[in-house]
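Student: I have not looked at this structure before. Could we go through it by question and answer?

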Amino acid sequence: QVQLVESGGGLVQPGGSLRLACRASGVTFSTYYVSWYRQAPGKERELVAGISSAGSTIFPDSVKGRFFISRDNDKNTVYLQMNSLKPEDTAIYYCASRWNAYTPDDPRYWGQGTQVTVSS
(Lines give C-alpha, C1' and ligand atoms only; values in the text may rest on other atoms or scores of the structure.)
Protein backbone atom coordinates (compact mmCIF):
# COMPACT_ATOMS: atom_id res chain seq x y z
CA GLN A 1 0.00 0.00 0.00
CA VAL A 2 1.43 3.32 -1.07
CA GLN A 3 1.29 6.04 1.53
CA LEU A 4 2.28 9.64 0.88
CA VAL A 5 2.79 12.04 3.75
CA GLU A 6 3.31 15.75 3.18
CA SER A 7 4.98 18.08 5.64
CA GLY A 8 6.41 21.58 5.76
CA GLY A 9 3.34 23.73 5.31
CA GLY A 10 2.59 26.73 7.45
CA LEU A 11 2.17 30.48 7.59
CA VAL A 12 4.69 32.66 5.77
CA GLN A 13 4.85 36.32 4.85
CA PRO A 14 4.71 37.46 1.23
CA GLY A 15 8.13 37.13 -0.33
CA GLY A 16 9.08 34.31 2.00
CA SER A 17 9.95 30.70 1.32
CA LEU A 18 8.79 27.27 2.37
CA ARG A 19 9.94 23.78 1.56
CA LEU A 20 7.36 21.04 1.42
CA ALA A 21 8.29 17.38 1.66
CA CYS A 22 6.44 14.32 0.41
CA ARG A 23 7.65 11.08 1.90
CA ALA A 24 6.50 7.76 0.50
CA SER A 25 6.30 4.46 2.27
CA GLY A 26 5.64 1.00 0.96
CA VAL A 27 7.25 1.59 -2.43
CA THR A 28 10.48 2.45 -4.20
CA PHE A 29 9.58 6.06 -4.82
CA SER A 30 12.27 6.54 -7.44
CA THR A 31 10.14 4.62 -9.95
CA TYR A 32 7.15 6.93 -9.54
CA TYR A 33 6.25 10.16 -11.27
CA VAL A 34 5.56 12.62 -8.46
CA SER A 35 3.52 15.78 -8.68
CA TRP A 36 2.47 18.61 -6.42
CA TYR A 37 -1.01 20.03 -6.79
CA ARG A 38 -2.76 22.75 -4.88
CA GLN A 39 -6.34 23.76 -4.27
CA ALA A 40 -7.47 27.08 -2.92
CA PRO A 41 -10.98 27.65 -1.51
CA GLY A 42 -13.49 27.99 -4.30
CA LYS A 43 -10.95 27.13 -7.00
CA GLU A 44 -10.13 24.06 -9.00
CA ARG A 45 -7.16 21.93 -8.14
CA GLU A 46 -4.11 22.84 -10.22
CA LEU A 47 -0.74 21.29 -10.93
CA VAL A 48 2.21 23.27 -9.58
CA ALA A 49 5.13 20.91 -10.23
CA GLY A 50 6.01 17.46 -11.47
CA ILE A 51 9.14 15.34 -11.58
CA SER A 52 9.78 12.13 -13.44
CA SER A 53 11.87 9.21 -12.26
CA ALA A 54 14.62 10.50 -14.57
CA GLY A 55 14.47 13.94 -12.98
CA SER A 56 12.65 15.85 -15.72
CA THR A 57 10.53 18.62 -14.27
CA ILE A 58 7.49 20.60 -15.28
CA PHE A 59 5.98 23.81 -13.88
CA PRO A 60 3.06 26.00 -14.92
CA ASP A 61 3.80 29.62 -15.77
CA SER A 62 2.23 30.78 -12.51
CA VAL A 63 5.08 29.32 -10.44
CA LYS A 64 7.92 28.96 -12.95
CA GLY A 65 11.11 30.47 -11.60
CA ARG A 66 9.75 30.54 -8.05
CA PHE A 67 9.01 26.87 -7.33
CA PHE A 68 11.47 24.03 -7.67
CA ILE A 69 10.96 20.30 -7.30
CA SER A 70 13.58 17.73 -6.45
CA ARG A 71 13.81 14.18 -5.21
CA ASP A 72 16.00 12.34 -2.76
CA ASN A 73 15.66 8.69 -3.64
CA ASP A 74 17.66 7.55 -0.64
CA LYS A 75 15.03 9.15 1.60
CA ASN A 76 12.07 8.20 -0.59
CA THR A 77 11.15 11.87 -0.54
CA VAL A 78 10.24 14.58 -3.04
CA TYR A 79 10.60 18.24 -2.12
CA LEU A 80 8.85 21.37 -3.32
CA GLN A 81 10.89 24.50 -2.69
CA MET A 82 8.68 27.57 -2.88
CA ASN A 83 10.29 31.00 -3.06
CA SER A 84 8.97 34.53 -3.45
CA LEU A 85 5.61 33.39 -2.15
CA LYS A 86 2.54 35.45 -2.91
CA PRO A 87 -0.85 35.59 -1.18
CA GLU A 88 -2.33 33.85 -4.23
CA ASP A 89 -0.14 30.83 -3.46
CA THR A 90 -2.30 30.18 -0.41
CA ALA A 91 -3.85 26.74 -0.75
CA ILE A 92 -3.75 23.17 0.43
CA TYR A 93 -0.84 21.47 -1.29
CA TYR A 94 -1.07 17.81 -2.19
CA CYS A 95 1.54 15.32 -3.22
CA ALA A 96 0.46 12.79 -5.82
CA SER A 97 2.15 9.96 -7.67
CA ARG A 98 1.81 7.25 -10.27
CA TRP A 99 4.09 4.34 -10.87
CA ASN A 100 6.18 4.30 -14.04
CA ALA A 101 4.46 7.36 -15.48
CA TYR A 102 6.01 9.99 -17.74
CA THR A 103 3.53 12.81 -17.13
CA PRO A 104 1.69 14.24 -14.13
CA ASP A 105 -1.67 13.19 -15.56
CA ASP A 106 -4.06 11.03 -13.57
CA PRO A 107 -2.10 10.34 -10.38
CA ARG A 108 -3.15 7.21 -8.57
CA TYR A 109 -1.97 7.99 -5.06
CA TRP A 110 -2.52 11.15 -3.04
CA GLY A 111 -1.33 12.52 0.25
CA GLN A 112 -3.55 14.14 2.82
CA GLY A 113 -2.39 17.66 1.99
CA THR A 114 -0.62 20.40 3.87
CA GLN A 115 -1.86 23.97 4.29
CA VAL A 116 0.23 26.85 3.01
CA THR A 117 -0.88 30.34 3.95
CA VAL A 118 0.87 33.42 2.62
CA SER A 119 -0.16 36.48 4.56
CA SER A 120 1.28 39.46 6.36
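Student: Leaving aside its neighbours within four places in sequence, which residues is Met82 in contact with?

Tutor: Keep in mind that this is a predicted model. Met82 lies in strand β8, where it is the bridge partner of Leu18, and Leu18 is among its contacts. Leaving aside neighbours within four places in sequence, the full set is Gly16, Ser17, Leu18, Leu20, Arg66, Phe67, Tyr93 and Val116.

Student: Which residues touch the most other members of the largest nonpolar core?

Tutor: In soluble globular proteins, nonpolar side chains tend to be buried together. The largest nonpolar core here has 30 residues. Those that touch the most other members are Phe29, Trp36, Phe67, Leu80, Met82 and Tyr93.

Student: Which strand gives the most residues to this core?

Tutor: The strands β3, β4, β5, β7, β8, β9 and β11 each supply at least two residues of the core of 30 residues. One strand supplies four, and that is the most. The strand is β3.

Student: How many residues of strand β8 are buried?

Tutor: Strand β8 covers residues 77–82 and is mostly covered. A residue counts as buried when its relative accessible area is under 20%. Of the six residues in β8, the number buried is five.

Student: In which sense do β3 and β8 pair, and over how many bridges?

Tutor: Strand β3 takes in residues 18–25. One of its residues, Leu18, has Met82 in β8 as its bridge partner. The two strands pair in the antiparallel sense, and the number of bridges is six.

Student: Which residue of β8 stands opposite Arg71?

Tutor: Strand β7 is made of residues 67–72, so Arg71 falls within β7 by the numbering of strands as runs of residues. β7 and β8 run antiparallel and are joined by six bridges. The residue of β8 opposite Arg71 is Val78.

Student: Which residue in the hairpin of β7 and β8 takes a positive phi?

Tutor: This hairpin has four residues between the strands. The phi in question is near 55°. The residue is Asn76.

Student: How many salt bridges does a search of the whole structure find?

Tutor: Side chains of opposite charge can pair when their charged atoms come close. The pair Arg38 and Glu46 is joined by a salt bridge at 2.6 Å, N to O, and Lys64 and Asp61 by one at 3.4 Å. Over the whole structure, the search finds five.

Student: Is Arg38 buried or exposed, and what is its relative accessible area?

Tutor: Arg38 shares a salt bridge with Glu46, and Glu46 is partly exposed at 32%. Arg38 falls under the 20% cut-off for buried residues. Arg38 is therefore buried, with a relative accessible area of 5%.

Student: How many residues apart in sequence are the parts that Asp89 and Arg38 tie together?

Tutor: Asp89 forms a salt bridge with Arg38, with the closest N and O atoms 2.8 Å apart. Asp89 lies in the loop between β8 and β9, while Arg38 is in strand β4, so the pair ties together separate parts of the chain. Both residues are buried. The parts are apart in sequence by 51 residues.

Student: Which residues are linked with Arg38 in a network of salt bridges?

Tutor: Two partners of Arg38 have been named, Glu46 and Asp89. The network also takes in Arg66. The residues linked with Arg38 are Glu46, Arg66 and Asp89.

Student: Are Lys64 and Asp61 buried or exposed?

Tutor: The side chains of Lys64 and Asp61 meet in a salt bridge. A residue counts as exposed over 50%. Lys64 is at 51% and Asp61 at 67%, so both count as exposed.

Student: What is the relative accessible area of Ser97, which lines the largest cavity?

Tutor: The largest cavity has a volume of about 30 Å³, and its lining includes Tyr33, Ser97 and Pro107. Ser97 belongs to strand β9, and its contacts include Phe29 and Tyr109. Ser97 is buried, with a relative accessible area of 1%.

Key: Residues are numbered from 1 along each chain as its sequence is written. This is a predicted model: local features need pLDDT of at least 70, side-chain atom pairs count only at pLDDT 80 or more; totals for chains, interfaces and linings use all residues. Side-chain values use heavy atoms; hydrogens and water are left out. Buried means under 20% relative accessible area, exposed over 50%, partly exposed in between (1.4 Å probe, protein chains only). Two strands pair if DSSP finds at least two bridges between them. A salt bridge is a side-chain nitrogen of Lys or Arg within 4 Å of a carboxyl oxygen of Asp or Glu. A nonpolar core is a set of buried Ala, Val, Leu, Ile, Met, Phe, Trp, Tyr and Cys residues joined through side-chain atoms within 4.5 Å. Contact means heavy atoms within 4.5 Å. On a 1 Å grid over the protein atoms alone, a cavity is a set of points where a 1.4 Å probe fits but cannot get out, and a pocket is an open set with protein on both sides within 12 Å along at least five of seven lines; lining residues have an atom within 4 Å of a point. Grid points are joined across faces, edges and corners, and a volume is the space filled by probe spheres set on the points.
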